[in-house]
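Student: Hey, can we go through this model together? I'd like to start with the strands.
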Amino acid sequence: AGISSKDYLVNEQQKYEAYSANQAQVDELKTIFKKNKKLNVVVVFATWCGDSKAHVPEFFKVADLAKIKKVKYLAVNRKKNAGTIDMSAMAIQRVPTFIVYNGLDEIGRITESPTETIEADLLAIVKKK
């Protein structure tokens with residue numbers, strides 16, 4: 001538990017490769033994230049969680065394609081703790097949780113599974129301002 005990188009998901013490489021993102025939505029995300037340098041994402045996940053194994057590789061793919069650089073990955077244990085990191089402000093109920101911030105202000109989150117797709121849900125969050 002603690003700050004992680006996408007290396008943990010080496011086993012999930014096939015899911016990353018297989019995910020086919022909506023290119024128009026990815027392009028729009030790329031433009032929005034490029035224009036607004038304050039946008040950043042915190043991904044809270046767990047290696048033991050089925051939804052994390054399914055959706056975090058999809059997020060990696062979308063983040064790579066959209067060139068979303070400001071991303072922090074936090075791996076949590078079953079009590080939703082990430083080592084010494086204070087998680088209380090994030091109010092994590094389920095994993096994975098993808099929290100989108102504009103600077104320090106949370107502007108939206110995807111919890112467990114996207115409503116549509118990772119890219120569609122991220123786009124809805126960053127466009128609703």
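Tutor: Sure, terms first: helices (H or I, at least four residues) and strands (E, at least two) are DSSP runs, numbered from the N terminus, and two strands pair if DSSP finds at least two bridges between them. This is a predicted model, where local features need pLDDT of at least 70, side-chain atom pairs count only at pLDDT 80 or more, and totals for chains, interfaces and linings use all residues. Residues are numbered from 1 along each chain as its sequence is written, and side-chain values use heavy atoms, with hydrogens and water left out.

Student: OK, how many residues sit between E4 and E5 in the hairpin?
Tutor: Two, and Gly103 in that turn has a positive phi of about 70°. E4 runs antiparallel to E5 (residues 105-111), with six bridges joining them. Asn102 stands opposite Asp105 in E5.

Student: And which residue of E4 is the bridge partner of Asn40?
Tutor: Tyr101. E2 (residues 39-45) pairs with E4 in the antiparallel sense, over six bridges.

Student: Is E4 mostly covered or mostly open?
Tutor: Mostly covered: five of the six residues in E4 (residues 97-102) are buried, meaning under 20% relative accessible area with a 1.4 Å probe, protein chains only.

Student: Switching to helices: at what angle do H3 and H4 cross?
Tutor: Roughly 65°, with the axes of H3 (residues 50-65) and H4 (residues 118-128) coming within 9 Å. That makes H3 roughly perpendicular to H4 (65 to 115 degrees).

Student: Which residues make the contact?
Tutor: His55, Glu58, Phe59 and Val62 of H3, plus Ile118, Glu119 and Leu122 of H4, where contact means heavy atoms within 4.5 Å.

Notes. Axes are lines fitted to C-alpha atoms, for helices over the stretch in contact, and angles run from 0 to 180 degrees between N-to-C directions. Angles under 35 degrees count as roughly parallel, over 145 as roughly antiparallel, 65 to 115 as roughly perpendicular and the rest as oblique. Buried means under 20% relative accessible area, exposed over 50%, partly exposed in between (1.4 Å probe, protein chains only).
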